[in-house]
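Thanks for coming. Please look at the sequence and the model on the screen while I talk.

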Amino acid sequence: MSFEKDRDDENASVTEKFRESISKFTLISTPCQPQLDSAVATVHSSELPTLRRSFRVAATVKSRKPEVKCHVDALNNSTSPGKGKRKAPNAILSKNAAKKLKRGYAPPEAYAHLSPLTDYLAYGLDVVFCGINPGCMSAKRGHHFAHPSNHFWKCLHQSGFTPRLLPPSEDSSLPKTFNIGLTDLVDRPSSEASELSCSERVSSVPILLSKLALHRPRFLCLVGISNWEILQKALLQMTTGPSKASGSSGASKASWASEKNVGLQPFKLCYPTIADPVSDTSSNISETLLFVVPSTSGLVTQYQLPAKVKLFAQLKSLVDQPQSELDTSEMKCIAISA
């Protein structure tokens with residue numbers, strides 16, 4: 001009997017120790033009762049082995065991560081008096097990124113309801129400004145650079161080309177009143193220049209050169225850096241060779257390419273000498289110099305209005321110089337015939 005009693009007592013002791021162990025483990029690993037954390041740490045820390053202490057810390061840290069995340073989400077979704085619900089930073093970034101996405105190619109039929117603009121050209125103008133293509137609002141109103149956010153007319157006035165700020169509706173007066181012309185590389189309208197194909201732009205270059213050969217302006221100002229990139233590729237294919245002052249005739253065409261995106265370019269369009277169509281004198285214009293300014297569209301943020309005006313002013317200073325004072329001897333000559 002005593003042997004069985006001792007065995008029962010021993011089993012009861014083991015069972016009690018097991019229950020005590022389970023009880024301690026359950027309290028330590030339960031993350032849903034934060035009010036017990038300090039008590040557990042105080043009562044049991046001296047009794048737990050090192051491994052169990054590590055588990056206690058890991059369990060506590062892991063259990064608190066969702067709380068921190070919920071706290072951040074709560075801040076993002078919190079409301080302020082009169083301001084409504086706050087937007088999450090990721091949502092704001094996604095919205096800004098979407099604004100910067102350019103339109104893709106649009107076929108001509110997409111804007112078939114809009115008509116091209118009229119060129120305003122005359123022989124021997126001081127400068128012809130060439131845009132990329134008409135925008136939708138310009139095409140609807142029938143005037144160049146007609147969108148209210150476009151900087152062209154402001155640049156023209158603030159750089160000294162016009163004594164007052166002209167409205168787009170007076171574009172037809174430019175050749176006769178200010179000796180300035182207007183045209184576009186591609187005549188079909190679109191909402192954005194990115195809706196034009198590269199082949200459209202390239203195929204329009206010969207048409208532009210024919211206009212220049214017929215009217216022979218002193219300067220061609222390309223409005224839009226992409227305009228110059230297209231024209232430059234075409235001119236490199238037409239280059240007759242470097243000028244006598246520019247070095248070896250064996251220089252590669254790639255080395256003649258302009259390294260400047262804006263400003264006066266190292267090319268000139270050269271025309272055959274003909275008698276002046278009006279007075280039959282030697283006042284014939286034999287070359288057109290090339291100048292580049294960034295797009296005057298308000299969508300272009302790389303160049304702000306003051307920077308654009310500065311470039312227009314540089315062109316104005318060149319236009320004001322007599323043709324005989326401009327040294328063009330080192331420019332690459334592109335022979336153009338009407």
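I start with a word I will use often: buried means under 20% relative accessible area, exposed means over 50%, and partly exposed is in between, with a 1.4 Å probe and protein chains only. At 0% relative accessibility, C155 counts as buried. Of the 338 residues of the protein chain, 37% count as buried.

Now the ground rules. This is a predicted model, where local features need pLDDT of at least 70 and side-chain atom pairs count only at pLDDT 80 or more, while totals for chains, interfaces and linings use all residues. Residues are numbered from 1 along each chain as its sequence is written, and side-chain values use heavy atoms, with hydrogens and water left out.

Next, the overall inventory. The protein chain has 10 helices and eight strands. Helices (H or I, at least four residues) and strands (E, at least two) are DSSP runs, numbered from the N terminus.

How are the strands of the sheet ordered? Six strands form an open sheet, in the order β4-β3-β5-β7-β6-β8, with mixed pairing. Two strands pair if DSSP finds at least two bridges between them. β4 (180-184) and β8 (332-335) are the edge strands, each pairing on one side only. On average, neighbouring strands of this sheet are turned by 30 degrees against each other, direction ignored. Axes here are lines fitted to C-alpha atoms, for helices over the stretch in contact, and angles run from 0 to 180 degrees between N-to-C directions.

Two helices go with this sheet. Helix α8 (residues 198-215) packs on the sheet and touches β3, β4, β5 (219-223) and β6; contact means heavy atoms within 4.5 Å. The direction of α8 makes about 160 degrees with that of β4. Helix α9 (residues 225-238) lies across β3, β5, β6, β7 (287-293) and β8, and runs at about 40 degrees to β6.

Stay with β6 and β8 for a moment. Strand β6 (residues 263-270) runs parallel to β8, and four bridges join the two. L269 stands opposite I334 in β8.

How many disulfides does a search of the whole structure find? There is one, where a disulfide is a pair of cysteine sulfur atoms within 2.5 Å. The partners are C270 and C333, with sulfur atoms 2.2 Å apart. C270 lies in strand β6 and C333 in strand β8, so the pair ties together parts that are 63 residues apart in sequence. C270 is buried, at a relative accessible area of 13%, whereas C333 is partly exposed, at 24%. Back to C155: this cysteine is in no disulfide, and the nearest cysteine sulfur, that of C221, is 9.8 Å away.

Last, the aromatic rings. The structure holds seven aromatic pairs. Rings of Phe, Tyr and Trp (its six-membered ring) pair if their centres lie within 6.5 Å; planes under 30 degrees apart count as stacked, over 60 as edge-to-face and the rest as tilted. F129 and F152 make an edge-to-face pair, 5.3 Å centre to centre with 85 degrees between the planes. That pair links distant parts of the chain, with F129 in strand β3 (residues 127-131) and F152 in helix α6 (residues 152-158), 23 residues apart. F129 and F152 are both buried. Ring pairs also link F129, F145, F152, W153, F161 and F312 into a cluster.

That is all from me.
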